[in-house]
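Hi everyone, thanks for making room for me on the agenda. I'd like to walk you through one structure today, so let me put it up on the screen.

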Amino acid sequence: MRIAPLLAIGLAALGGFTGYSALRATPDAPAEVAGPQTMVEVILPATLSAKARLGQTAYEAKCAACHGPNGAGNLNAAPPLIHKIYEPGHHGDESFHRAAADGVQAHHWRFGNMPPVAGITRAEVASIIAFIREVQRANAIF
């Protein structure tokens, strides 16, 4: 009967919305906010490497205004970097370097294009990547 497949699809869709966890934000339907404007809840590692600590400082200065504190996203500006979309196998480190240097056309989220980050160096981006990757691992994003 045709109702069974429709019911299964409907229940699966409903489960996708009612079972939302903070780390399951999607481009079309962000998770419940973790703060006033953030999109995901972020767990910080107990310790950060020296390079990641430098990256955290650089991130706060160059990225947090748009991508939120600790990569949690900003509902009004930019997506969370602590998200499976930005795992190393999907967005490698070079994609972060290119985005910072050249900007990037919107392709996963509906925030619009990201402009280049003025005055950021490749070394700063490398340290920011170290910070983001360590925080991703703390949040089971490999």
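Let me start with a residue on helix H4. Asp 93 is partly exposed, at a relative accessible area of 39%. Please keep in mind throughout that what you are looking at is a predicted model. Which residue does Asp 93 form a salt bridge with? The partner is Arg 133, and the closest N and O atoms of the two are 2.9 Å apart. This pair links distant parts of the chain, since Asp 93 sits in helix H4 and Arg 133 in helix H5, 40 residues apart. Is Arg 133 buried or exposed? With a relative accessible area of 7%, Arg 133 is buried, while Asp 93, as I said, is partly exposed.

Now, how many salt bridges are there in total? The count comes to 3, and we have just met one of them, Asp 93 with Arg 133. The next involves Glu 94 and Arg 98, whose side chains meet at 3.8 Å, N to O. Both of these residues belong to helix H4, and they are 4 residues apart, about one turn of the helix. On accessibility, Glu 94 is partly exposed at 35%, and Arg 98 is exposed at 54%.

Glu 94 has another partner too: Arg 122 forms a salt bridge with Glu 94, with 2.7 Å between the closest N and O atoms. Here Arg 122 lies in helix H5 and Glu 94 in helix H4, so the pair ties together parts that are 28 residues apart in sequence. Arg 122 is exposed, with a relative accessibility of 52%. Put those bridges together, and Glu 94, Arg 98 and Arg 122 are joined into one network through shared partners. As general background, side chains of opposite charge can pair when their charged atoms come close.

Let's step back to the whole chain. It has 5 helices and 0 strands, so if you read along the sequence, the pattern is α-α-α-α-α. Of the 142 residues in the chain, 36% are buried. And if you take the contacts with a separation of 6 or more, residues 24 or more positions apart account for 62% of them.

For an example of that kind of long-range packing, have a look at Ala 52. Ala 52 is in helix H2, which covers residues 50–62. Its relative accessible area is 0%, which makes Ala 52 buried. What does Ala 52 touch, leaving aside residues up to four places away in sequence? The answer is Ser 127, Ala 130, Phe 131 and Glu 134. Ala 52 and Ile 129 also make a nice pair to find on the screen: they are 77 residues apart in sequence, yet 7.8 Å apart in space, C-alpha to C-alpha.

On to the pocket. The largest pocket has a volume of about 670 Å³. It is lined by 33 residues, and the closest to its centre are His 67, Leu 81, Ala 99, Val 104 and Met 114. Which helices each supply at least two residues of that lining? They are H3 (64–67), H4 (93–102) and H5 (122–138). Helix H4 gives the most, with 5 residues. By class, the lining is made up of 22 nonpolar, 9 polar and 2 charged residues.

One last topic, the cysteines. How many disulfides does a search of the whole structure find? The result is 0. Cys 63 is in no disulfide, and the nearest cysteine sulfur, that of Cys 66, is 8.6 Å away. Why is there no bond from Cys 66 to Cys 63? The two sulfurs are 8.6 Å apart, which is too far for a bond, because a disulfide requires cysteine sulfur atoms within 2.5 Å. The two residues also fall into separate accessibility classes: Cys 63 counts as buried at 13%, and Cys 66 is partly exposed at 41%.

So, to leave you with the picture: there are 5 helices, a network of Glu 94, Arg 98 and Arg 122, and a largest pocket to which H4 gives the most lining residues. That's everything from me, and I'm happy to rotate the view for anyone who wants another look.

How values were computed
Residues are numbered from 1 along each chain as its sequence is written. This is a predicted model: local features need pLDDT of at least 70, side-chain atom pairs count only at pLDDT 80 or more; totals for chains, interfaces and linings use all residues. Side-chain values use heavy atoms; hydrogens and water are left out. On a 1 Å grid over the protein atoms alone, a cavity is a set of points where a 1.4 Å probe fits but cannot get out, and a pocket is an open set with protein on both sides within 12 Å along at least five of seven lines; lining residues have an atom within 4 Å of a point. Grid points are joined across faces, edges and corners, and a volume is the space filled by probe spheres set on the points. Ala, Val, Leu, Ile, Met, Phe, Trp, Tyr, Cys and Pro count as nonpolar, Asp, Glu, Lys and Arg as charged, and the others, Gly among them, as polar. A salt bridge is a side-chain nitrogen of Lys or Arg within 4 Å of a carboxyl oxygen of Asp or Glu. Buried means under 20% relative accessible area, exposed over 50%, partly exposed in between (1.4 Å probe, protein chains only). Contact means heavy atoms within 4.5 Å.
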